[in-house]
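Me: I have a structure open and would love to talk through a few of its details with you. Could you take my questions one at a time?

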Amino acid sequence: MGLFLGLGIGGIVLLAGSLVFDGVLEGVFDGALGGWFDGWLSLPVVAGFVSMLGFTGAIVLGTTGLGPGAAAAAGAAAGAGAGWSTYRLGLALARGGSGAAPRHGELVGSAGTVVTAIPAGGGYGEVLLRLGGQPVKCAATADGPVALGAEVWVTATPSSTSVGVRAVER
């Protein structure tokens with residue numbers, strides 16, 4: 001039981017170390033076996049495997065009448081599952097977006113709401129839009145008057161603080 005608990009605790013310590021020494025094992029095994037180990041021998045994956053091996057082995061050993069061999073087999077199976085899940089989660093996080101901030105020009109084609117009526121004759125009103133999930137209030141012009149609360153569609157971005165809009169017709 002002590003060996004299994006030691007493995008579980010050692011895995012937790014290794015996981016904490018992975019926060020500090022991120023990428024160490026990846027550099028050690030870089031290019032090994034034609035890149036087969038890429039991502040599989042990262043510290044979080046190894047830590048997940050070792051922790052699950054230890055803690056599952058201790059649980060099986062302590063709650064069943066099975067011996068250390070069966071506990072080690074159950075722990076290895078659970079550890080493989082934890083390592084695989086950690087690897088897949090790491091891939092999903094690495095595939096995230098580009099990280100680039102949205103630009104004002106990306107407003108073209110988005111919908112918004114008029115918060116200050118847009119007068120006829122080229123005057124400015126205000127519209128509330130969403131850029132990167134955040135509300136943005138911009139000065140707005142339109143070909144004709146647009147009433148307060150009307151839904152609009154952005155057709156142009158002449159400057160970083162203003163947009164051209166047209167009313168949405170339903």
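Me: Which residue in S5 does Ala-156 stand opposite?
Reply: Happy to help, and do keep in mind that this is a predicted model. Strands S4 (residues 151-156) and S5 (residues 162-167) run antiparallel and are joined by 4 bridges. In S5, the residue standing opposite Ala-156 is Gly-164.

Me: How many residues lie between S4 and S5 in their hairpin?
Reply: The two strands run antiparallel. Together S4 and S5 form a hairpin, and the number of residues between them is 5.

Me: Which residue of S4 is the bridge partner of Ala-111?
Reply: Strand S1 also runs antiparallel to S4, with 3 bridges joining them. One of the facing pairs is Thr-113 opposite Glu-151 in S4. For Ala-111, the bridge partner in S4 is Trp-153.

Me: In what order do the strands run in the closed barrel?
Reply: We have met the antiparallel pairs S1 with S4 and S4 with S5. The closed barrel has 5 strands, and its pairing is mixed. From one strand to the next, the twist averages 55°. The order is S1-S2-S3-S5-S4.

Me: Is Ser-110 buried or exposed?
Reply: Ser-110 sits in the loop between helix H4 (68-94) and strand S1 (111-116). Beyond its neighbours within four places in sequence, Ser-110 is in contact with Val-152, Trp-153 and Val-154. Its relative accessibility is 17%, and buried means under 20%, so Ser-110 counts as buried.

Me: Which residue's backbone oxygen lies 2.5 Å from a polar atom of the Ser-110 side chain?
Reply: A polar contact needs a pair of N or O atoms within 3.5 Å. Here the distance is 2.5 Å, and the backbone oxygen belongs to Leu-107.

Me: Which residue forms a salt bridge with Lys-137?
Reply: Side chains of opposite charge can pair when their charged atoms come close. The count for this model is 1 salt bridge. Its closest N and O atoms are 3.7 Å apart, and the partner of Lys-137 is Glu-126.

Me: How many residues apart in sequence are the parts tied together by Lys-137 and Glu-126?
Reply: Lys-137 lies in strand S3 (residues 134-141), whereas Glu-126 lies in strand S2 (residues 125-131). The pair therefore ties together parts whose separation in sequence, in residues, is 11.

Me: Does Glu-126 count as buried, partly exposed or exposed?
Reply: Its partner Lys-137 has 55% relative accessibility and so counts as exposed. For Glu-126 the value is 28%, which means that Glu-126 counts as partly exposed.

Key. Residues are numbered from 1 along each chain as its sequence is written. This is a predicted model: local features need pLDDT of at least 70, side-chain atom pairs count only at pLDDT 80 or more; totals for chains, interfaces and linings use all residues. Side-chain values use heavy atoms; hydrogens and water are left out. Buried means under 20% relative accessible area, exposed over 50%, partly exposed in between (1.4 Å probe, protein chains only). A polar contact is a pair of N or O atoms within 3.5 Å; within protein, one must be able to donate a hydrogen and the other to accept it, and residues adjacent in sequence count only if both atoms are side-chain atoms. Contact means heavy atoms within 4.5 Å. Two strands pair if DSSP finds at least two bridges between them. A salt bridge is a side-chain nitrogen of Lys or Arg within 4 Å of a carboxyl oxygen of Asp or Glu. Axes are lines fitted to C-alpha atoms, for helices over the stretch in contact, and angles run from 0 to 180 degrees between N-to-C directions.
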